[in-house]
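Student: Could you take me closely through a single part of this model, and then set it against a few other places in the chain? I would like one connected account rather than a list.

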Amino acid sequence: MPFAHITGWGISVPEPVLTNEDVSKMVDTNDEWIRSHTGIHERHIARENEFTSTLAVEAAIKALQSANLAPTELDLIIVTSSSPEYIFPATACLVQDQIGATKAGAFDLSAACSGFIYATNMAAQAIRSGSIKNALVIGSETLSRFTNWKDRNTCILFGDGAGAFVLQASDKPGGLLSAVMHSDGSGADSLTLLGGGARYPATETTIHEGKHFIQMDGKAVFRFATRVMGQAIKESLDLAGLKLDDVQWIIPHQANYRIIETAAKLLKTPLEKFVINIERYGNTSTASIPIATVEAVEAGRVKPGDKIAFVGFGAGLTWGAMVVEWTGSIPAKKQVHPEQYRLFARLRSFVRRALRFIEGFFSRREL
Ligand SMILES: CC(C)(COP(=O)(O)OP(=O)(O)OC[C@H]1O[C@@H](n2cnc3c(N)ncnc32)[C@H](O)[C@@H]1OP(=O)(O)O)[C@@H](O)C(=O)NCCC(=O)NCCS
């Protein structure tokens with residue numbers, strides 16, 4: 001059975017920064033309160049012309065560059081997002097078209113902030129089964145578009161960004177060692193974005209009622225998160241036949257510094273073992289785990305051979321964890337340039353649209 005290795009990684013974060021100071025000009029809050037209650041100092045916010053797919057494509061290209069893999073080699077693209085570009089088509093299909101992943105299947109996975117754990121596990125299992133060889137998993141968010149900037153309960157928390165992993169099959173042991181996924185829909189009302197779905201399609205009333213914004217019972221989510229984080233990590237470690245001492249790093253979903261601190265206490269593990277960067281990004285939902293990972297890899301903290309426990313939790317309710325042996329870059333025989341495929345992809349997309357138009361024109365004449 002092949003192993004599923006993480007061989008590429010990349011992030012994309014919009015440039016504009018919104019500090020706590022800036023937020024305190026919009027709602028009745030202040031820097032001190034936000035820092036002490038969440039650990040967040042600032043977050044990045046997408047520009048008007050940046051979308052979930054824009055960030056996803058940039059992160060994807062960087063991940064393919066570090067894996068030295070051409071997009072045409074991809075068999076599968078999973079985009080996980082709590083702020084997908086549309087209900088449909090899937091954001092993953094927009095990415096597939098823009099990066100020129102000509103043979104890849106593409107779909108979106110919705111599991112809120114646990115999405116990156118779920119998606120990486122799904123891609124890894126597809127590789128482990130032998131049905132595919134190369135997969136791209138992306139967590140991408142423009143949550144600022146669904147944030148009520150008049151609600152101090154939520155607007156202090158979220159930020160925009162994207163992160164991606166490339167997973168590849170190899171006979172060499174390593175890569176994803178274990179994963180667990182859980183859900184509890186009885187807590188569905190704790191964290192919601194109700195508007196725009198089939199139950200509350202967009203109407204003047206739904207907009208007036210603010211149903212197109214994130215709504216949250218912060219305390220309930222806090223209690224849930226601290227309860228499940230440690231459990232999920234332990235379960236995943238058990239499945240991998242490892243102990244907490246065997247892992248060099250724990251990379252948690254970055255929702256709140258205090259949640260991570262409490263989880264560390266419950267696990268009786270020093271906070272230094274946790275990769276934390278929430279202070280600069282806020283909660284970027286599905287993107288938070290890959291953003292934290294890539295920063296830690298690029299800073300030389302995470303090294304090949306390190307064992308890492310990843311843990312996520314979020315709306316649904318959903319939660320999950322996975323244990324990975326970090327592979328790092330695979331030495332390349334020949335350099336590929338995934339970014340150059342974008343031009344080809346644009347041309348290909350244009351030609352296909354033109355052919356579809358011509359086909360439509362002639363089939364109309366035949367009718
Ligand atoms: C949202 C969260 C930071 C609120 O922190 P908290 O300690 O629970 O704060 P509370 O809601 O109890 O509010 C405490 C007080 O601060 C006030 N307050 C709430 N938000 C405030 C803000 N942004 N600025 C200043 N004061 C604020 C409240 O009105 C309350 O005042 P009161 O005591 O006079 O009534 C915290 O509950 C949390 O992080 N929950 C998890 C959220 C999360 O991670 N969601 C995503 C999961 S993927």
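Tutor: β12 and β13 form a hairpin with three residues between them, and in that turn G316 has a positive phi of about 140°. This is a predicted model, and the angles given here are computed from it. The peptide bond that leads from G316 to L317 is cis, with omega near -10°, and L317 itself is placed in the loop between β12 and β13.

From the turn we can go on to the strands. Strand β12 (residues 307-314) and β13 run antiparallel and are joined by eight bridges, with G312 standing opposite G320 in β13. Strand β8 (residues 175-183) is likewise antiparallel to β13 and joined to it by eight bridges; here S178 is the residue that stands opposite V323 in β13. As for covering, eight of the eight residues of β13 (residues 318-325) are buried. The burial extends to both faces of the strand, since T318, G320, M322 and V324 are buried on one side, and W319, A321, V323 and E325 are buried on the other.

A helix can be read with the question of burial still in mind. In α5, 12 of the 14 residues are buried, so this helix is largely enclosed by the rest of the structure; among the buried residues are F116, Y118, N121 and M122. The length of α5 (residues 115-128) also agrees with expectation, because 14 residues at 1.5 Å a residue should span 20 Å and the end C-alpha atoms are 19 Å apart. After α5 comes G130, whose phi is positive, near 90°.

Some other backbone details lie in loops. The peptide bond from F88 to P89 is cis, with omega near 5°, and P89 is found in the loop between β4 (76-80) and α4 (91-99). N68, in the loop between α3 (52-67) and β4, is a residue other than glycine with a positive phi, near 55°; because N68 has 19 C-beta neighbours inside 10 Å, and 20 would be needed for a buried residue, it counts as partly exposed. K268, which is also a residue other than glycine, has a positive phi near 55° and sits in the loop between α8 (257-267) and α9 (278-281). With 8 other C-beta atoms within 10 Å, K268 is exposed.

Notes. Residues are numbered from 1 along each chain as its sequence is written. This is a predicted model: local features need pLDDT of at least 70, side-chain atom pairs count only at pLDDT 80 or more; totals for chains, interfaces and linings use all residues. Helices (H or I, at least four residues) and strands (E, at least two) are DSSP runs, numbered from the N terminus. The expected span of a helix is 1.5 Å times one less than its number of residues. Two strands pair if DSSP finds at least two bridges between them.
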